[in-house]
Amino acid sequence: MEMQLVMGFFATAFCTVGMIVNNDFQAISREAQTFELGEARYYTVLVWSAILWQFFFLGAVGVIFCVHTLFAGILIAVFIPVTEVLAVIFLHEKFTSEKGVALALSLWGLASYSYGEYSEAKAAKKKAALDAQASD
């Protein structure tokens, strides 16, 4: 938790300095004025996006700490195609060829990993059964 807090603080400080140097804070108000759903909703989306990203990173660190780094990577890999499909369904985004390739590669990687884990577990179970028979 402390590591996440420190990383978040320094990332925020680094981005804030960059935005000050680039005068990007003025761009936020311009974007808010041209946002189709209104200024209030723009700032609401901005704040909730920041909060949800912090929850995501905190959850990823929690999974790494409590379970395993590999499992956190698997969860992130699973959510890539899910996010793409949900964006097309609910946000009415166009399903471009780039999204199709990314979706195919994500699913292929997930399927390859899942099959590899299945094969290893099956081989380990078979070996344990042979070892048990040999010791009898």
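The following conversation goes through some aromatic pairs and one helix of a predicted model.

Trainee: How many aromatic pairs does a search of the whole structure find, and what makes the pair of Tyr42 and Tyr43 edge-to-face?

Mentor: The search finds 4 aromatic pairs. In the case of Tyr42 and Tyr43, the ring centres are 5.5 Å apart, which is within the 6.5 Å needed for a pair, and the planes stand at 80°, which is over the 60 degrees that edge-to-face requires, so the pair is given that name. Together with Phe35, these two tyrosines form one aromatic cluster.

Trainee: Why is Tyr42 called buried, and why is Tyr43 called partly exposed?

Mentor: Tyr42 has a relative accessible area of 11%, and because buried means under 20%, Tyr42 is counted as buried. Tyr43 has a value of 32%, which lies between the limits of 20% and 50%, so Tyr43 is described as partly exposed.

Trainee: What makes Trp53 and Phe56 an edge-to-face pair, and how do you know that they are separated by about one helical turn?

Mentor: Their rings are 5.5 Å centre to centre with 90° between the planes, and since a pair needs centres within 6.5 Å and edge-to-face needs an angle over 60 degrees, both conditions are met by Trp53 and Phe56. As for the separation, Trp53 and Phe56 are 3 residues apart in helix 3, which covers residues 39–66, and therefore about one helical turn lies between them. Trp53, at 52% relative accessible area, is exposed because the limit is over 50%, whereas Phe56, at 35%, is partly exposed.

Trainee: How do you know that the length of helix 4 agrees with what is expected?

Mentor: Helix 4 holds 22 residues, 69–90, and at 1.5 Å a residue it should span 32 Å; its end C-alpha atoms are 31 Å apart, so the two values agree. Just after this helix, His92 takes a positive phi of about 55°.

Trainee: Which residues of helix 4 are buried, and what do they pack against?

Mentor: The buried residues are Ala72, Ile74, Pro81, Glu84 and Ala87, and they pack against helix 3 and helix 5, the latter being residues 97–135. The axes of helix 4 and helix 5 come within 9 Å and cross at roughly 145°, and this crossing is left-handed.

Trainee: Which residues meet where helix 4 touches helix 5, and how do they divide?

Mentor: Among them, Leu70, Ile74 and Glu84 of helix 4 are found on one side, with Lys99, Ser106 and Tyr113 of helix 5 on the other. The residues of this contact divide into 11 nonpolar, 1 polar and 2 charged.

Terms used: Residues numbered from 1 in each chain as written. Predicted model: local features only at pLDDT ≥ 70, side-chain atom pairs only at ≥ 80, totals over all residues. Heavy atoms only, no water. Phe/Tyr/Trp six-rings, centres within 6.5 Å; stacked < 30°, edge-to-face > 60°. Buried < 20%, exposed > 50% of the residue type's maximum accessible area, 1.4 Å probe, protein only. Helix = DSSP H or I, 4+ residues; strand = E, 2+ residues; numbered from the N terminus. Expected span 1.5 Å × (residues − 1). Contact = heavy atoms within 4.5 Å. Axes fitted to C-alpha atoms, helices over the stretch in contact; angles between N-to-C directions. Left-handed = near helix turned anticlockwise from the far one by under 90°. Nonpolar A, V, L, I, M, F, W, Y, C, P; charged D, E, K, R; others polar.
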